[in-house]
Amino acid sequence: MNDFTDNMESNNHTNSSSTPSLRAGGTTLFEKIWEKHIVKTIEDGPSVLYIDKHLIHEVTSPQAFTGLNKRGINVFRPKQIVATADHNVPTLNQHLPIKEELGRKQVEALIKNCAEHGVELYGLGHPFQGIVHVIGPELGITQPGMTIVCGDSHTSTHGAFGSIAFGIGTSEVEMVMATQCLLQSKPKLMRITVDGTLNEGVVSKDIVLYILSKISASGATGYAVEFAGTAIRSLSMEARMTICNMSIEMGGRCGLIAPDETTFNYIKGRKFAPKGTDWDQRLASWKELYSDTNAAFDKEYHFNAEDIQPMITYGTNPGMGIGVNENIPTTETIHETDRSGLAKSLAYMGLRQGMPIKGQKIDYVFIGSCTNSRIEDLRMVASFVKGKKKDDSVEVWVVPGSKQVEAQAIKEGIDKVFEEAGFQLRQPGCSACLGMNEDKIPAGKYCISTSNRNFEGRQGAGARTLLASPLTAAAAAITGKVSDIRDLLQLNN
Amino acid sequence: MSKPLSIVKSRFIPINIENIDTDQIIPARFLKATTKEGFGKNLFRDWRYENDDETKPKADFPLNQAQYSGEILVAGKNFGCGSSREHAAWSILDYGFRVVVSSFFADIFKNNALNNGVLPVQVSDGFLQKIFARDAESELTVDLAQQTISISSTGENESFDINSYKKTCLLNGYDDIDFLLSIKPEIETFETGRE
């Protein structure tokens, strides 16, 4: 962290007008997209925001369809909706009927609702099925400049393409189905700049856990967050998605990154990407999507990539993270935001103030979720794990984000690497990130997880979650305890 | 349409914990319904019962303490963070709450609450602590039209913000979908203009 303190101070007391030098004019990336989607603004109220793409899944859509049916209306623009089944689906034997009755009924309701309303569904068994935030980008549905919503808070993921993408509740799902619009107030604007070069063993998950540890789990509430800086620019699209994915963990309405050549190269040629002259036209408009150099933000933070170490969480919100070689904070050293909750958190986690986290025994390793289940995540884990075996005491689940990720992993022989290491490669879904299916961590057990939330009971009642990068999770799988991946990388050399 | 809300005068149930996330309000395993009703019995499920057993209420949790009752839930700051599940708002409403008071709300929860006729009242940290300091017999009065919350016994009060559109909706039980449907021609014109 360096010179953000002044900005913080000024913003604690006043609004953005306190920084007139920044208010000289210029438009932010967020505003450029937002303004193009305003149908009208209600006086002293919210704006009517037009939504380009709506992604739906089995858990937060049934009541919305019921609402439409009760009103006797149809989906307004079914072609702008894409559906998949991900939240409660099993990750073993997906070809068999879902055993759990309530989950099965939700998936059946989705099939029925999509058929009745003419919505494209990539359900179980479909080659495009997968976690909603993995399939949108990989199919080229997610594009710069769009407004994208889904009844899931991690919709922020799609902001990595320079879109305004955010999670909504089921009433709002119904609104978008009925009118392709939402009533929204314009959020405040924050920019988080990370400059410099990442240390060895440090990946994008570590960047976002580091930012969270500095600004807290509510540090961006009420803001749209733009991520910028040379360290962000150097990341692949999949790595950028990991960062925007967790902008909701800071409380941010959405996270976004200006599109660049990395973005355009990723999209080009994908199933639903624009083609031919349409591509050329879109590309020209996408190239206008950046914050002007004199654009103003209500709040800014600057971080140095060199300060970031492999990160891990010790508590029960994603802001409670430390470098893997650091000690768990004490009441005296912790960020004030988490002071009152520290004792409760550590009691739940079975950890103590001031103790080192490195060496903590682990029972489960979960590599998956909309945060870290893409092919690059699996490749990263496989390249480290190749030729190694997991520790006997741990169970390791790798859950790919989609059928396409799974197919690619098999094509590259990653499945064999995992098999030899004793890792279970399962079928796509949200899985142990939220334990809606059978993939639950037992009470009292420790799980190092590449997912996004370490809330009490998130991975199963009483489960203890430590969030980390795929590399740090893989290191724990091999050693059976929290380890510094860099120690193991050196052994490799 | 939701039930209109204007003045709520009631005792309150205090949960003096910060960063209460929606996984605590309603754990994911209870999201497998296709209707909006019946979530109240699982509100704060894992804080309410030992080992997920309804016959073993945890004695130290306020929802299980006979002295506490009312239509107002008072909670620590950053209430409703995490998942976008509207089931959190449904469970709070279904349990019998019409108002949630905190010193800070997560965005999505706030919208979900308002869309279901549950009023989130954001107060200062100081006022929140004053409420927590009151005993179980104390009543709070929340007046939406005046945008004030007061502690009945002491008369201490504070005003709160709400945008006037949402206020009108809550006072009358209107919902956003009715409004959006009413401007559909404008939406269609907007779409044509973009092509």
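**Reasoning from values to terms in a predicted model**

Me: Where is A:Gln408 found in chain A?
Reply: In this predicted model, A:Gln408 is found in helix α14 of chain A, which covers residues 403–411.

Me: Why is A:Gln408 called partly exposed?
Reply: The relative accessible area of A:Gln408 is 26%, and because the term partly exposed covers values between 20% and 50%, A:Gln408 is given that name.

Me: What makes the pairing of A:Gln408 with A:Glu412 a polar contact?
Reply: The two side chains approach to 2.6 Å, which is set against a limit of 3.5 Å for a pair of N or O atoms, one able to donate a hydrogen and the other to accept it; the pair is therefore counted as a polar contact. Leaving aside neighbours within four places in sequence, A:Gln408 is also in contact with A:Ile375 and A:Arg379.

Me: How do you know that A:Cys150 is in no disulfide?
Reply: The count over all chains comes to 0 disulfides. For A:Cys150, the nearest cysteine sulfur is that of A:Cys430, at 9.5 Å, whereas a disulfide requires two cysteine sulfur atoms within 2.5 Å. A:Cys150 also counts as buried, because its relative accessibility is 0% and the term applies under 20%.

Me: Why is B:Cys81 without a bond to A:Cys433?
Reply: The sulfur of B:Cys81 lies 15 Å from that of A:Cys433, its closest cysteine sulfur, and this is too far for a bond, given the limit of 2.5 Å. With a relative accessible area of 8%, B:Cys81 is buried.

Me: What makes β17 and β19 of chain A the edge strands of their sheet?
Reply: The sheet is open, with 5 strands in the order β17-β16-β15-β18-β19 and parallel pairing, and the strands β17 (424–425) and β19 (464–467) each pair on one side only. Helix α16 (residues 470–479) packs on this sheet, touching β15, β16 and β18 (446–449), and its direction makes about 150° with that of β15(A).

Me: How do you know that β15 and β16 of chain A pair?
Reply: Strand β15 (residues 364–367) is joined to strand β16 (residues 395–398) by 4 bridges, where at least two are needed, so the two strands pair. The bridge partner of A:Tyr364 in β16(A) is A:Glu395.

Me: Why is A:Asn454 called buried?
Reply: A:Asn454, in the loop between β18 and β19 of chain A, has a relative accessibility of 0%, and because buried means under 20%, the term applies to A:Asn454. The side chain of A:Asn454 reaches the backbone oxygen of A:Gly315 at 3.1 Å, and one of its polar atoms lies 3.0 Å from the backbone oxygen of A:Asn317.

Conventions. Residues are numbered from 1 along each chain as its sequence is written. Chains are lettered from A and ligands numbered from 1 in the order in which they are written. This is a predicted model: local features need pLDDT of at least 70, side-chain atom pairs count only at pLDDT 80 or more; totals for chains, interfaces and linings use all residues. Side-chain values use heavy atoms; hydrogens and water are left out. Helices (H or I, at least four residues) and strands (E, at least two) are DSSP runs, numbered from the N terminus. Buried means under 20% relative accessible area, exposed over 50%, partly exposed in between (1.4 Å probe, protein chains only). Contact means heavy atoms within 4.5 Å. Axes are lines fitted to C-alpha atoms, for helices over the stretch in contact, and angles run from 0 to 180 degrees between N-to-C directions.
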